[in-house]
Amino acid sequence: MLIIPVIDLSNGVVVHAVRGKRELYQPITSAICDSYNPESILSALLELYPFKIIYIADLDAIQGKKNHSRIINKFAENYKECEFWVDAGLEHVRAKKSDYVGKNIKLILGSENNISLTEYQNIINSKPEILLSLDFNENGLINNSYLLDNASNWPKRVMIMMLHLVGSNSGFDENILANILEINKHSEIYVAGGIRNSNDIKSLHLKNIHGCLVATILHQQKITKEELDAFF
């Protein structure tokens, strides 16, 4: 079971993501770090535990604004032992040459980007290392409903991003996850959104989930180093 810390970047700082309402995100307040500086937050996370994968949402890039490629490329250069999963919106996935250049940076295609089935298949075929993020809100999958019609088109690694539960401390959505597990037969599944504590992680582990993405429980110290050791 992989536990993957999440870093949400906006306007040069780390923010606390809550329920996908990006216009309301504020600089993060953390019990493990007295700064919202990206370098300080990453250092604090890796001091807490030597995580091997870090997920980064470049929120400005996702919204079509400036990006944080300089910061993220520096992370990749300084922490070569880590793999960085980066959601930077659709344009960087489409680009032949992305601004995110580290060999240990893996880009994410989020389903909230409205693209045709043909373009989706072209991306998956031409970029086999791409990760797919199935982005849900309280109404279901955001855009591209065809993705749920044929799970055989999914890449190796798929995130179930429950945006409406991110930062909520309300638990993950059992129904969404049950539907995904019913239709998926080959992809590694990673869950994000609402995870409250080690009991939720144990529950996901029992469902054969490959990993989970967390932020709030790390910054609020709701999971201990001993529990992290046990999961890893």
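Author: Two strands count as paired if DSSP finds at least two bridges between them. With that settled, let's go; keep in mind that this is a predicted model.

Reader: OK, then how many bridges pair S9 with S10, and in which sense, parallel or antiparallel?

Author: S9 and S10 easily pass the mark of at least two bridges. One pair to look for is Arg-157, which stands opposite Glu-188 in S10. The two strands pair in the parallel sense, and the count of bridges is five.

Reader: Which helix does the chain go through on its way from S9 to S10, and what is the hand of that crossover?

Author: S9 and S10 pair in the parallel sense. Between them the chain goes through helix H6, residues 174–183, as a β-α-β crossover. So the helix is H6, and the hand is right-handed.

Reader: And on the S11 side, which residue is the bridge partner of Ala-192?

Author: S10 and strand S11 (residues 211–214) run parallel and are joined by three bridges. Together with helix H7 (residues 198–206), these strands make a right-handed β-α-β unit. Look across from Ala-192 into S11 and the bridge partner you find is Leu-213.

Reader: Is S10 enclosed or open, and how many of its residues are buried?

Author: In a regular strand the side chains alternate between the two faces of the sheet. For S10, Glu-188, Tyr-190 and Ala-192 are buried on one side, and Ile-189 and Val-191 are buried on the other. S10 is therefore largely enclosed by the rest of the structure, and its buried residues number five of five.

Reader: Hang on, a Glu in there? Why does Glu-188 count as buried?

Author: The cut-off for buried is under 20% relative accessible area. Glu-188 makes it in because its relative accessibility is 19%.

Reader: Which residue meets the Glu-188 side chain in a salt bridge, and how far along the sequence is it?

Author: The partner is Lys-156, with N to O at 3.9 Å. Lys-156 sits in the loop between strand S8 (140–141) and strand S9 (157–162), while Glu-188 is in S10, so the bridge ties together parts of the chain. Unlike buried Glu-188, Lys-156 is exposed, at 56% relative accessible area. To answer you directly, it's Lys-156, and the separation in sequence is 32 residues.

Reader: How many salt bridges does the whole structure have, and which residues are joined into one network?

Author: The search turns up nine. One of them pairs Arg-94 with Glu-119, closest N and O atoms 2.5 Å apart. Since Arg-94 lies in helix H4 (residues 90–94) and Glu-119 in helix H5 (residues 117–126), that pair ties together parts 25 residues apart in sequence. The total, then, is nine, and the network, built from salt bridges that share partners, is Glu-91, Arg-94 and Glu-119.

Reader: Which residue does Lys-106 form a salt bridge with?

Author: Lys-106 is buried, with a relative accessible area of 11%. Its salt bridge has closest N and O atoms 2.7 Å apart, and the partner is Glu-129.

Reader: Last one: which side chain makes a polar contact with the side chain of Ser-30?

Author: Ser-30 lies in the loop between strand S3 (26–27) and helix H1 (38–48), and it counts as buried because its relative accessibility is 13%. Its side chain reaches the backbone nitrogen of Ile-32 at 3.1 Å. Leaving aside neighbours within four places in sequence, Ser-30 is in contact with Ile-41 and His-219. The side-chain polar contact, at 2.7 Å, is with His-219.

Conventions: Residues numbered from 1 in each chain as written. Predicted model: local features only at pLDDT ≥ 70, side-chain atom pairs only at ≥ 80, totals over all residues. Heavy atoms only, no water. Helix = DSSP H or I, 4+ residues; strand = E, 2+ residues; numbered from the N terminus. Buried < 20%, exposed > 50% of the residue type's maximum accessible area, 1.4 Å probe, protein only. Polar contact = N/O pair within 3.5 Å; in protein donor to acceptor, adjacent residues only side chain to side chain. Contact = heavy atoms within 4.5 Å. Salt bridge = Lys/Arg side-chain N within 4 Å of Asp/Glu carboxyl O. Right-handed = clockwise from strand over helix to strand, strands pointing away.
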